[in-house]
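Hi,

Here is the structure I said I would pass on. Have a look at it first, and then read my notes below.

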Amino acid sequence: MPYRNGKLQKHETVWTDEMVEFLNKNFHILTNQELADSLNLRRTVTRNKLRDLGLKRMELEYWSEEMIDFLKKSYKKIGDVEIMEFFIRMYPKAKGWKRGAIWKKRKQMGLQRTKQQKEKIETCHRKKGGRCYTIDRNSSSKNLAPMWVAQRIAWRNPELQRELIKYPDIIEAARKLILLKRKIKHNEK
């Protein structure tokens with residue numbers, strides 16, 4: 001067992017040349033879990049050694065100072081989707097940008113929008129031609145289109161959904177129930 005600062009380390013892994021050679025030889029063939037199992041080690045220990053050896057399965061793309069500055073300056077005025085679209089144009093990356101990446105970075109940095117800031121962003125989107133305007137106008141879940149209601153009633157049963165469309169009174173009753181549930185949920189908040 002290895003020593004650190006003069007004390008015996010019980011759970012410290014001693015890496016032999018054979019173990020390191022095995023990792024180098026089989027890194028591209030086996031998964032990290034398979035490598036760990038072959039060496040009778042935990043996956044975390046194996047992954048850390050692979051990182052020390054410079055063997056990476058994927059290259060992480062980090063946030064630059066420019067990107068962080070833009071996020072800090074703009075998160076109060078524009079939504080995460082607009083920030084994401086800006087990053088797609090200005091800072092393209094191999095894996096692409098997702099809205100969740102923007103949200104996660106804001107959360108890590110403690111950049112939370114106030115209710116007023118959210119409302120201001122949403123107001124801009126609700127103007128004619130804005131994002132939400134088009135979504136609201138075409139949204140089945142907001143307009144409660146008959147097929148959407150039938151899908152809620154008979155989820156995973158397309159045959160029953162087609163049959164339900166033939167009965168507008170059932171669709172209307174289900175529509176009223178959905179609206180009632182939404183109202184109750186809204187009042188609970």
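To start with the overall picture: residues 24 or more positions apart make up 45% of the contacts in the chain with a separation of 6 or more, a contact being heavy atoms within 4.5 Å. Keep in mind that this is a predicted model, where local features need pLDDT of at least 70 and side-chain atom pairs count only at pLDDT 80 or more, while totals for chains, interfaces and linings use all residues. Residues are numbered from 1 along each chain as its sequence is written, and side-chain values use heavy atoms, with hydrogens and water left out.

The chain has 12 helices and 2 strands. Helices (H or I, at least four residues) and strands (E, at least two) are DSSP runs, numbered from the N terminus. Starting at the N terminus, the order is β-β-α-α-α-α-α-α-α-α-α-α-α-α. Of the 189 residues, 27% count as buried; buried means under 20% relative accessible area, exposed over 50%, and partly exposed in between (1.4 Å probe, protein chains only). About 14700 Å² of the chain is exposed, with carbon and sulfur atoms supplying 53% of that. Those areas come from the Shrake-Rupley method with a 1.4 Å probe, and for residues only the protein chains shown count as cover.

Now to helix α10, residues 146-153. Trp148, Val149 and Ala150 are buried there, and the buried residues of α10 pack against α9 (140-143), α11 (158-164) and α12 (168-188). Val149 is a good one to click on: its relative accessibility is 0%, so it counts as buried. Leaving aside neighbours within four places in sequence, Val149 is in contact with Leu144, Ile171, Ala174, Arg175 and Ile178. Take Ala174 from that list: Val149 and Ala174 are 25 residues apart in sequence, yet 6.9 Å apart in space, C-alpha to C-alpha.

Leu144, one of those contacts of Val149, deserves a look of its own. Leu144 sits in the loop between α9 and α10 and is buried, at 3% relative accessibility. Leu144 also has a positive phi of about 55 degrees although it is not a glycine. Most residues other than glycine have a negative phi. On the other side of α10, in the loop between α10 and α11, Arg156 has a positive phi too, of about 70 degrees, and is not a glycine either. Leu144 is buried, whereas Arg156 is exposed, with 70% relative accessibility.

Next, the salt bridges. There are 5 of them in the structure, each being a side-chain nitrogen of Lys or Arg within 4 Å of a carboxyl oxygen of Asp or Glu. Here are three:

- Asp80 and Arg106 meet through their side chains at 2.9 Å, N to O. This pair links distant parts of the chain, with Asp80 in helix α5 (residues 80-90) and Arg106 in helix α6 (residues 99-109), 26 residues apart. Asp80 is buried at 8% relative accessibility, and Arg106 is buried as well, at 6%.
- Glu163 pairs with Lys166, the closest N and O atoms being 3.4 Å apart. Glu163 is partly exposed at 35%, and Lys166 is exposed at 58%.
- Glu172 and Arg175 are bridged at 2.7 Å, N to O. Both lie in helix α12, 3 residues apart, about one turn of the helix. Glu172 is partly exposed, with a relative accessible area of 31%, and Arg175 counts as buried at 18%.

Salt bridges that share partners also join Asp80, Arg106 and Arg113 into one network. Arg175, by the way, is also among the contacts of Val149.

Finally, the surface. Which residues form a nonpolar patch there? They are Ile153, Tyr167 and Ile170, with about 260 Å² of accessible area together. Patches are made of residues with over 30% relative accessible area and no salt bridge; like charges are joined within 9 Å, and nonpolar side chains (Val, Leu, Ile, Met, Phe, Trp, Tyr) within 5 Å. Tyr167 lies in the loop between α11 and α12 and is partly exposed, with a relative accessible area of 39%.

Cheers
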